Amino acid sequence: MKKKRIISLLLSFIFLLSTVGCGDEVVVNEQKEKVEITLSWWGNDTRNEYTLEAVRMFEEEHPDIKVKCSYTEWSGYEARNQVRMVSGNETDVMQINVGWLMQYSADGTGYYDLEKLSDTVDLSNFDEDTLEYGRMNGVLNAIPIAMNAETIYINKTLYDKYGLDIPATWDDFFNAAKVMKKDDVYPLSGASKSIWLFCIAYAEQTNKKTMFDEDGKLNFDKNDFQTMIEFYDRLLDEKVIPKVEDYQRYNINNHLYAGTVAWVSDAFNYYSTVIEEGDEIIPANYIAYSPEDAGIGWYEKPATLYAISKNTEHPKEAAMLLDYMLNSETWAKLQGVEKGIPVSSSARKFLDDDGQLEGLQYDASLVMENNDKISAMNSLVEDSGMYEEFINACNEVHFEKGEPEDVAADLVKLYKDLGFYK
């Protein structure tokens, strides 16, 4: 009995130590257990640094939530994400590529339905057309961070040197090449995917036919791919562009490329050096046969999106983090325009007030946003198998190993074998 009484007294003493009196009120200090959620993204050191800082500030504002971060560069992230999605071990909140919606959630059940979290994630910051990019089978699986499109950047300083105007039509590039080639300067340049999309725009305008039908199925036939192959061959023969295999970004700085096809989100990555040296870089309008057709055959897509795992055990806390990443002033100012010009109206206002909505990338985004003829990109167009085999076919013609008509027929057959025609 004596032993039990001692224990009882000790427990009472411990309880008294854990309470604080305030008048007649007694407050008990309770230690709440933190909820841990996970976040993943890809990117370079700059992105990693500001994201980690933003996460730290989120945790300060929400001391009951701990965020465990996972990040790497693109190729490593893509491989790791595939393993996670297949095994059901994906992070609670994740950055995703737009093509993954079809890959992992064709029926809309691969990610969490974000409209079920609309009491926490403020969807009013996004128009319905933007949200549509994140829907699969009518389910809101993801929210775009920014929009993106291949855009033509022109070094106006270099074009002025040759007495040339900013190109607006296909012929303008061929005419520029006649002037520039004596100095081994190319009016335009681009990596394989960029030039592939450039050729698609030309073929759609030339043949007055879209690459994909209304159901999203591949609509180009042998004649259309022949148009693209012959156009690429002409670009090489007349020194408008270097072969995509020979493309070197440092030649922008060396003034050997007077223009480049690149994503809106990559503007500063390509041109920071020459801008710092005083060159004037202009985002050209979308090239067409006439300015009235600018935008036809060109495509836009979300630069990247955020999604929440369908397997999350903490949807409320994951939604709090997602809303903070998309719509908060803190995150917007730290991220700036590194992931593109944000589509969230709140984030954009914060950046505008902070003086961050300016510069080449912002100018390029306005060219994209103000064009109503650009189409929504079908994710199939970015399949590496499509554009790599296209370049291989072009090289057969360029090195006179086959005739354009025959090579185009073989390319269509190969695309069918690879399952691109469905």
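Lys 161 lies in helix 6 (residues 156-161), where helices are DSSP runs of H or I with at least four residues and strands are runs of E with at least two, numbered from the N terminus. With a relative accessible area of 62%, Lys 161 is exposed; the term applies over 50%, buried applies under 20%, and partly exposed covers the range in between (1.4 Å probe, protein chains only). From C-alpha to C-alpha, Lys 161 is 29 Å from Lys 193, a residue 32 places apart from it in sequence.

The model is predicted, so that local features need pLDDT of at least 70 and side-chain atom pairs count only at pLDDT 80 or more, while totals for chains, interfaces and linings use all residues. Residues are numbered from 1 along each chain as its sequence is written, and side-chain values use heavy atoms, with hydrogens and water left out.

**Overall architecture**

The chain contains 17 helices and 12 strands. Its C-alpha atoms fill a box of roughly 105 × 50 × 35 Å along the principal axes. Of its 422 residues, 51% count as buried. Contact means heavy atoms within 4.5 Å. Among contacts between residues at least 6 apart in sequence, 72% join residues at least 24 apart.

**Helix 8 and helix 16**

Two packed helices are described by the angle between their axes and the distance between the axes. The axes of helix 8 (residues 192-207) and helix 16 (residues 384-398) come within 10 Å and cross at roughly 80 degrees. Helix 8 is therefore roughly perpendicular to helix 16. Axes here are lines fitted to C-alpha atoms, for helices over the stretch in contact, and angles run from 0 to 180 degrees between N-to-C directions. Angles under 35 degrees count as roughly parallel, over 145 as roughly antiparallel, 65 to 115 as roughly perpendicular and the rest as oblique.

Helix 8 contributes Ser 192, Lys 193, Trp 196 and Cys 199 to the contact, and helix 16 contributes Met 386, Tyr 387, Phe 390 and Ile 391. By class, the residues of this contact are six nonpolar, one polar and one charged. In this scheme Ala, Val, Leu, Ile, Met, Phe, Trp, Tyr, Cys and Pro are nonpolar, Asp, Glu, Lys and Arg are charged, and the others, Gly among them, are polar.

**Cysteines**

The structure holds zero disulfides, a disulfide being a pair of cysteine sulfur atoms within 2.5 Å. For Cys 199, the closest cysteine sulfur is that of Cys 394, and the separation of 6.3 Å is too far for a bond. Both residues are withdrawn from the surface: Cys 199 is buried at 0% relative accessibility, and Cys 394 is buried with a relative accessible area of 1%.

**Nonpolar cores**

In soluble globular proteins, nonpolar side chains tend to be buried together. A nonpolar core is a set of buried Ala, Val, Leu, Ile, Met, Phe, Trp, Tyr and Cys residues joined through side-chain atoms within 4.5 Å. The largest such core has 109 residues, and those with the most contacts inside it are Ile 152, Trp 196, Phe 198, Met 211, Phe 225, Tyr 232 and Phe 390. Helix 8 gives the most to this core, with nine residues. Leaving aside residues up to four places away in sequence, Phe 198 touches Ile 152, Trp 170, Phe 173, Leu 188, Phe 231, Leu 235, Val 261 and Trp 298. Another core, of 14 residues, lies apart from the largest one and includes Met 94, Trp 100, Tyr 111 and Leu 305.

Helix 15 (residues 360-369) has Leu 360, Gln 361, Tyr 362, Ala 364, Ser 365 and Met 368 buried. The elements covering these buried residues include strand 8 (142-155), helix 11 (267-276), strand 10 (281-283) and strand 11 (299-308).

**Loop residues**

Three loop residues are listed with their accessibility.

| Residue | Loop | Relative accessible area |
|---|---|---|
| Lys 208 | helix 8 to helix 9 (222-237) | 75%, exposed |
| His 255 | helix 10 (250-253) to strand 9 (259-263) | 27%, partly exposed |
| Asp 221 | helix 8 to helix 9 | 33%, partly exposed |

Lys 208 has a phi near 50 degrees, a positive value in a residue other than glycine. His 255, also not a glycine, has a positive phi of about 65 degrees. Asp 221 is 188 residues from Ala 409 in sequence and 8.4 Å from it in space, C-alpha to C-alpha. Not counting residues up to four places away in sequence, Asp 221 touches Lys 209, Val 412 and Tyr 421.
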